[in-house]
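Colleague: I'm new to reading structures, and I'd like to take a close look at one part of this one. Could you start from a single residue and then show me what surrounds it in the wider picture?

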Amino acid sequence: KFQIDWEKGQKTGFFIDQRENRSLLEAYSKDKSVLNMFCYTGAFSVYALRGGAKKVMDVDSSAKAVMLANENIKLNFGDDDRYSSSSADAFKFLNDIPEDAYDLIILDPPAFAKHRGAVRNALQGYKKLNAAAFEKVAKNGIVFTFSCSQVISRKQFRLAVFSAAAISGRNVKILHQLSQPADHPVNIYHPEGEYLKGLVLHVS
């Protein structure tokens, strides 16, 4: 169950295009400590808790988003002591947490590039963000990482994540390559319609 701000929320107020990926996350969450960066409505966290996560932390720079995430957790699980949240800058939060604090990290940021002129800076942002997650996730941990920037190609995103793995010095393997669901079809003449790119990664 989710409360949705139809009028003032981002896009439609809820990102239904991630529903299949959230279900996949649920299957990986049992007995895991989970960090959900850029949590927005907290939907990934709801699925993680339903999947049996032992601890879930929501982080978003928007205090309003964190309040909405808190409401959605309460709607589904009441006052569950496995859950906590913080309104904080994602990069600073990742840098400040101890290593091995989380077994599973979700990186689902807003679009880093909304036009072609921003591609270079966006790729640097994805590289920096993923490198920080790789450095901090526990040994044999899992990272779910996404880009929803339509001007970033699947190949560019994967290369940014590859560079992040090299910077971190960790051994990283791709378990799943994710996309949007079938009700978000891609017109073959408009490849930018394949805007949602995701990877599920094992980090040792």
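In which strand is asparagine 140 found?

Modeller: Asparagine 140 is found in strand E5, which covers residues 137-147. Before we go on, keep in mind that you're looking at a predicted model.

Let's stay with that residue for a moment. Asparagine 140 has a positive phi of about 60 degrees, even though it isn't a glycine. Its relative accessibility is 43%, so asparagine 140 counts as partly exposed. Aspartate 100 is another non-glycine with a positive phi, in this case about 70 degrees. You'll find aspartate 100 in a loop, the one between helix H4 (90-96) and strand E4 (102-107). There's a glycine to look at as well: just after H2, glycine 52 takes a positive phi of about 95 degrees.

Now let's see what strand E5 belongs to. The protein chain has 6 helices and 7 strands. Read from the N terminus, they come in the order α-β-α-β-α-β-α-β-α-β-α-β-β. As for overall dimensions, the C-alpha atoms fill a box of roughly 45 × 40 × 30 Å along the principal axes. A compact globule of 204 residues would have a radius of gyration near 17 Å, and this chain has 16 Å, so the two agree. Of those 204 residues, 48% count as buried. On the outside, the chain exposes about 10200 Å², and carbon and sulfur atoms supply 52% of that area. The chain also carries 27 positive and 22 negative charges, whose mean positions are 6 Å apart.

Where does E5 come in again? Threonine 145 and isoleucine 106 are 39 residues apart in sequence, yet their C-alpha atoms are 6.0 Å apart in space. Isoleucine 106 has its place in strand E4. With 0% relative accessibility, isoleucine 106 counts as buried. Leave aside its neighbours within four places in sequence, and isoleucine 106 is in contact with Leu25, Val34, Leu35, Asn36, Met37, Phe44 and Phe144. Links across the sequence show up in the totals too: among contacts between residues at least 6 apart, 73% join residues at least 24 apart.

One of the contacts of isoleucine 106, Phe44, takes us to helix H2, because Phe44 is among the buried residues of that helix. The others are Ala43, Ser45, Val46, Tyr47, Ala48 and Leu49. That makes 7 of the 8 residues of H2 (residues 43-50) buried, so the helix is largely enclosed by the rest of the structure. Take serine 45, which lies in this helix. Its relative accessibility is 0%, so serine 45 counts as buried. Outside its neighbours within four places in sequence, serine 45 is in contact with Asn36, Val56, Asp58 and Ile73. Asn36 also appears on the contact list of isoleucine 106.

Helix H1 gives you another serine to look at: serine 23 has its place there. Its relative accessibility is 38%, so serine 23 counts as partly exposed. Serine 23 and arginine 50 are 27 residues apart along the chain, and their C-alpha atoms are separated by 9.9 Å.

Let's finish with the aromatic rings. A search of the whole structure finds 5 aromatic pairs. In one of them, phenylalanine 15 and tyrosine 40 have ring centres 5.8 Å apart and planes at 70 degrees; the cut-off for edge-to-face is over 60, so this pair is edge-to-face. The two partners sit 25 residues apart: phenylalanine 15 in the segment before helix H1 (19-28), and tyrosine 40 in the loop between strand E1 (33-37) and H2. Are they buried or exposed? Tyrosine 40 counts as buried, at 11% relative accessibility, whereas phenylalanine 15 is partly exposed at 23%. The cut-off for buried is under 20%, so the two values fall on either side of it. Not counting residues up to four places away in sequence, tyrosine 40 touches Gly9, Gln10, Gly13, Phe15, Asp60, Ala65 and Ala69. For a pair farther along the chain, try tyrosine 40 and alanine 165: they are 125 residues apart, with 26 Å between their C-alpha atoms.

Conventions: Residues numbered from 1 in each chain as written. Predicted model: local features only at pLDDT ≥ 70, side-chain atom pairs only at ≥ 80, totals over all residues. Heavy atoms only, no water. Helix = DSSP H or I, 4+ residues; strand = E, 2+ residues; numbered from the N terminus. Rg over C-alpha atoms; globule rule 2.2 N^0.38 Å. Buried < 20%, exposed > 50% of the residue type's maximum accessible area, 1.4 Å probe, protein only. Contact = heavy atoms within 4.5 Å. Areas by Shrake-Rupley, 256 points an atom, 1.4 Å probe, with all protein chains shown as cover. Lys, Arg positive; Asp, Glu negative; His and termini not counted. Charge placed at Lys NZ, Arg CZ, Asp CG, Glu CD. Phe/Tyr/Trp six-rings, centres within 6.5 Å; stacked < 30°, edge-to-face > 60°.
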